[in-house]
Amino acid sequence: MRFEDCRHSRILKGGYSEDPRIPPLPSSPLPSPPLVLSYKKPRAESMATRFDDVVIKSPTDRRSYRIVHLPNGLCAVLVHDPEIYPDGVDPIGEGVPSPMEEDGAMEDDDDEDEDGDEDDDEYESEGDDKELEDGDEEEEEEEEDGEEDGDGSQLVKKNKKEASPTKKAAAAMCVGMGSFSDPSNAQGLAHFLEHMLFMGSSEFPDENEYDHYLSKHGGSTNAFTETEYTCYYFEVNREYLKGALKRFSQFFISPLVKAEAMEREVMAVDSEFNQVLQSDSCRLLQLHCHTSSVGHPFNRFYWGNKKSLVDAMENGINLREEILKMYAENYHGGIMKLVVIGGEPLDVLQEWVVELFSNIKAGPPLRMSYKFNLPIWKVGKLYRLEAVKDVHILELTWTLPCLHKEYLKKPEDYLAHLLGHEGRGSLLYFLKYKGLASSLSAGVGDEGMRRSSIAYIFVISIYLTDSGLEKFYEVIGFVYQYLKLLRQSTPQEWVFKELQDIGNMEFRFAEEQPQDDYAVDLAENMFFYSEKHIIYGEYAFEQWDPDLIQHALSFFSPENMRIDILSKSFDKQSEAIQYEPWFGSRFIEEDISPSLLKLWGNPPEISPSLHLPLRNDFIPSDFSLRSANLSKILSNTSNPQCIIDQPLMKLWYKVDLTFNVPRANTYFLITVKDGSSSVRNCVLTELFVLLLKDELNEIIYQAGVAKLETSLSFVGDKLELKLYGFNDKLPILLSKILKLSKTFMPNIDRFKVIKEDMERAYRNTNMKPLSHSSYLRLQVLRESFWDVDDKLSCLLNLSLSDLVEFIPSLLSQLYIEGLCHGNLSEEEAINISNIFTNTFPVEPIPAGLRHKERVICLSSGCSLNRSVSVKNELEVNSVVELYFQIEQDVGMEATRLRAITDLFSNIIEEPCFDQLRTKEQLGYVVESGPRMTYRVLGYCFRIQSSKYSSLYLHDRINNFINGLQDLLDCLDDESFQSHRSGLIAEKLEKDPSLTYETGHYWSQIVEKRYLFDMLKVEAEELKTIEKSDVIDWYKKYLRPPSPKCRQLAIHIWGCNTDIKEETKMLNKFGNAVEDINLLKSSSEFYSSLC
């Protein structure tokens, strides 16, 4: 179970005011005495043992790896990445600052006005349809932090040769202790300890020192607590790796664990828990914990919240002493795995690690082995859990022995591949044919409770239809028919060989990740794989062991099965209702009939429709690189080129010369006829897309198994088709998809099922306050926006004949714009375009008749607000989203305006977070940054809080904005230069993989800007921007009474809000938008650009 703490630079550690309901912590001197561990100073680097050329890596991996063992037991993996310093390390100029320089720079970090935190330079592209995919996890805007160097100009070379793109440095430390170690009388303590390590150390006592150092130098940090380990990690600009490591290492040597900080962090943990309080997946997981055997490590509340920690204190537990005890007993070198990724030579990285981490207390090596004779759950039980969303999920769970040591054989993955297959003959294919299910997943999850040293928990999760819910016992019977088929068929070596080929192929041509993610993966892998396999282990299918597969299969018995049904259809009047104490979820425990268990254990027959999958024809065999045959002239082309521009199709093309992998990404935007011209057409188009995906699923799934993925969605008013992965069979897949799409007509059975799914998706839209606020903002801004309630009403009245009549018209005229990027020749790209035009030889939609998306032009000096209650009546969180409209992104000044907006965000984001979250403790989510809505630039502040009303949050944002004048005026030239150079470095940073690079190109095509080197252009423009430009921007667009200060506020009222009182105060925040159609009918709109 992973608790990812939001410390991604702009969401750093939380600070909360003292809550009068929290009893005071035991008194202690202030500051609290630090936890100082005794150690002996290392005499020399020779004390460490090292091993080069041990780690098995991909042939395409240019990085060097070294394993280092310190005398204290710590094991480190050092990674030299030559692309961090592609032009070589220069210790005098652009290289590594000396320790004295780093510590000297630290003195300036205490100046609050110089806090810097970089926003993303990738503007948010916004649409209204993604809310349909509103999953259990909060939707987060992924933003990369900018880079800063010490000098402010060093990263921008001024010689004639353009500087090579660089990468950041990173590190991660995994400590082999997690939530399984929580004492029963202080649940959530391991998670709480993780929070506290960020709150200062003996050497760096300032609570914000580590976070501040990283944010000043283009970095970010985060941490998470698993069941058996806790992981801390960061990334930072390349020059500042050692300075970051100095501060990071003190987490594990001398944390202060201040009593006064603990009081605030209890509230931070509680606020974090409130973010998942209405999550169905988290509620189900906690029900698994609550109903497990008393005394078992699963029988815990791993999150922790104010109640669990305050209860411990009220019961006489000295929380600080418990944390110090947990730290002293578990935070030692023997159970620590460190990864450091830098551009310096391995010898230098080793010298740093020995110097900085040898002082960690020594300890014995990790032994991940919990031995319990207790069964985890009661036998023969069914649990019905009331859902927050409108879903019907059947979850079947079996307990397997720990299989950590069998990673070269992967019996659980072999079984997951077959049980979770979606092709003809599979369990899902059969259940869909019978109208009982819409989707299925199977396997052992990656989270700690599912994959621990105690047991592997294998789960089959089935999304049921209404009919499937009524017949769920039959569904379980069909599962056991398939299990019996697997036993009778015996393990098939050809299936294992396919998985082996796919794993080897992925390993050989692995795409890089962001540096901090890669550091975390390697650190985690050291707990599960041998040192030589820390990269290869997750891909490896090395040893065929049919006996082990049969042994694993023997655990899939009814007597070893747990059944959970998560559904909105719940008997609220039942006298058997129980309450899970932490989430307050209602559930019912039932006995399963012994006769049913017996029947499932040996089904009398196996349906002839169930059989093993066919061999996979999409596994590639050609891995040759097209770049090897390019002429020098063509190889100098750095951006996509338009190679086809016809009335029906426009195609952009770029061969990959950077990553040199046999992969390609082919993306297409398909404008259909009248696809979104009315709410009825919009719903019919969505229905067509979902039914088409359902029909294509068998083909798409097989290709996906072979790592050739497909995405088909309805975005705004267009269909978006993406094929991406290994390029060998890509044209074959595209041809199959388009041919089937051309002739497709839905049948009544699938129509009923997909329509039911769609109704459920509409009902689940906007269940989360953050998604709801973005939805409402876009509803006001976009001229054409069909409300989800209207779509649901329309859908309920649609029939199959309506759709059958609509499809020919929808596809009668098309316009296609696409991008082919990667390991494809120009001839192959043209052939791909021909597949489209040959399959759909239809009339092109004239440019004048294509849908034009327009955005409202807010009137001069206007201040609007729109307020609604949360959709889920039990949702405690309120949200305010304050949007300022800037200008349309067009014309000669557009680049400069984007650059200034980014730089403003870079300067104020850290102070914004520090003031509104750390100091005022308004809520767990505090965000600010640019928004790009169909080529209209805006700037947004957003807070989500379970404690304060949206009006109060709005007032505090206004107060912060009004105070920015002083912050900007006091920003000295050196600090301004630091922010500017850091943002320039961010924009020039190398993309980690082909997928990231394609994403940048595709956003330019979707927005019809076609400025493929936009980041470089903006970086160049930034050199000319001065502080006065930023101040002028701020005064013009964010400060009344400027006519260009145009505001739209969205207020989402949590369930505890006093709505009558809030309504009385609304006029303080501008004019209420009560009738959106009336507002739009009386407003002007920007011209359409995309």
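**Exercise 1. Locate A437 in this predicted model, and determine whether A437 is buried or exposed.**

Solution. Begin with the secondary structure: A437 is found in strand β11. Next comes the solvent accessibility, where the cut-off for a buried residue is a relative accessible area under 20%; because the relative accessibility of A437 is 0%, A437 counts as buried. The third step is to list its neighbours, leaving out residues up to four places away in sequence: A437 touches L431, K432, I462, Y463, L464 and T465. Finally, a distance can be taken to I393, which lies 44 residues apart from A437 along the chain, and the two C-alpha atoms are separated by 9.4 Å.

**Exercise 2. State which strands are the edge strands of the seven-stranded sheet that contains β11, and describe how a helix lies across this sheet's strands β9, β10, β12 and β13.**

Solution. Write down the strand order first: the open sheet runs β11-β12-β10-β13-β9-β15-β14, and its pairing is mixed. The edge strands are then β11 (437-444) and β14 (577-579), each of which pairs on one side only. From one strand to the next the twist averages 25 degrees.

For a closer view of one pairing, take strand β9 (residues 381-386) and strand β15 (residues 586-591), which run antiparallel and are joined by five bridges; within this pairing, Y383 stands opposite E589 in β15. The helix in question is α13 (residues 472-489), which lies across β9, β10 (392-400), β12 (456-464) and β13 (561-567) and runs at about 40 degrees to β10.

**Exercise 3. Work out how strand β7 is enclosed and which strands pair with it.**

Solution. Count the buried residues first: in strand β7 (residues 230-236), seven of the seven residues are buried, so the strand is largely enclosed by the rest of the structure. The second step is to separate the two faces, for in a regular strand the side chains alternate between the two faces of the sheet. On one side of β7 are T230, Y232, F234 and V236, on the other C231, Y233 and E235, and all of these are buried, with both faces covered.

The third step concerns the pairing partners. Strand β5 pairs with β7 in the antiparallel sense over seven bridges, and in this pairing V175 has T230 as its bridge partner. Strand β6 (residues 220-225) also runs antiparallel to β7, to which it is joined by six bridges, with T225 standing opposite T230. The strands β6 and β7 form a hairpin, with four residues between them.

**Exercise 4. Check the length of helix α9 against its expected span, and identify what covers its buried residues.**

Solution. Helix α9 (residues 346-357) has twelve residues, and at 1.5 Å a residue these should span 16 Å; the expected span uses one less than the number of residues. The end C-alpha atoms are 16 Å apart, which agrees. The buried residues of α9 are L346, L349, Q350, W352, V353, V354, L356 and F357. Their cover includes the strands β2 (49-52), β3 (64-69), β4 (75-80), β5 (169-175) and β8 (336-342), together with helix α4 (241-249).

**Exercise 5. Classify the packing of helices α26 and α31, and describe the residues in contact.**

Solution. Helix α26 (residues 894-919) packs against helix α31 (residues 1014-1022) at an angle of about 75 degrees, and their axes are 9 Å apart. Since angles of 65 to 115 degrees count as roughly perpendicular, α26 is roughly perpendicular to α31. From α26, the residues T895, R896, R898, A899, D902 and L903 meet M1014, V1017, E1018, E1021 and L1022 in α31. Sorted by class, this contact has five nonpolar, one polar and five charged residues.

**Exercise 6. Describe the backbone at K410, K1008 and P1041.**

Solution. As background, most residues other than glycine have a negative phi, and most peptide bonds are trans. K410, in the loop between β10 and α10 (411-419), has a positive phi near 50 degrees; this lysine is buried, with a relative accessible area of 5%. K1008, in the loop between α30 (994-1006) and α31, has a positive phi of about 55 degrees, and is partly exposed at a relative accessible area of 31%. P1041, in the loop between α32 (1027-1037) and β28 (1046-1053), is joined to P1040 by a cis peptide bond with omega of about 5 degrees.

Definitions and conventions. Residues numbered from 1 in each chain as written. Predicted model: local features only at pLDDT ≥ 70, side-chain atom pairs only at ≥ 80, totals over all residues. Heavy atoms only, no water. Pairing = 2+ DSSP bridges. Helix = DSSP H or I, 4+ residues; strand = E, 2+ residues; numbered from the N terminus. Axes fitted to C-alpha atoms, helices over the stretch in contact; angles between N-to-C directions. Contact = heavy atoms within 4.5 Å. Parallel < 35°, antiparallel > 145°, perpendicular 65-115°, else oblique. Nonpolar A, V, L, I, M, F, W, Y, C, P; charged D, E, K, R; others polar. Buried < 20%, exposed > 50% of the residue type's maximum accessible area, 1.4 Å probe, protein only.
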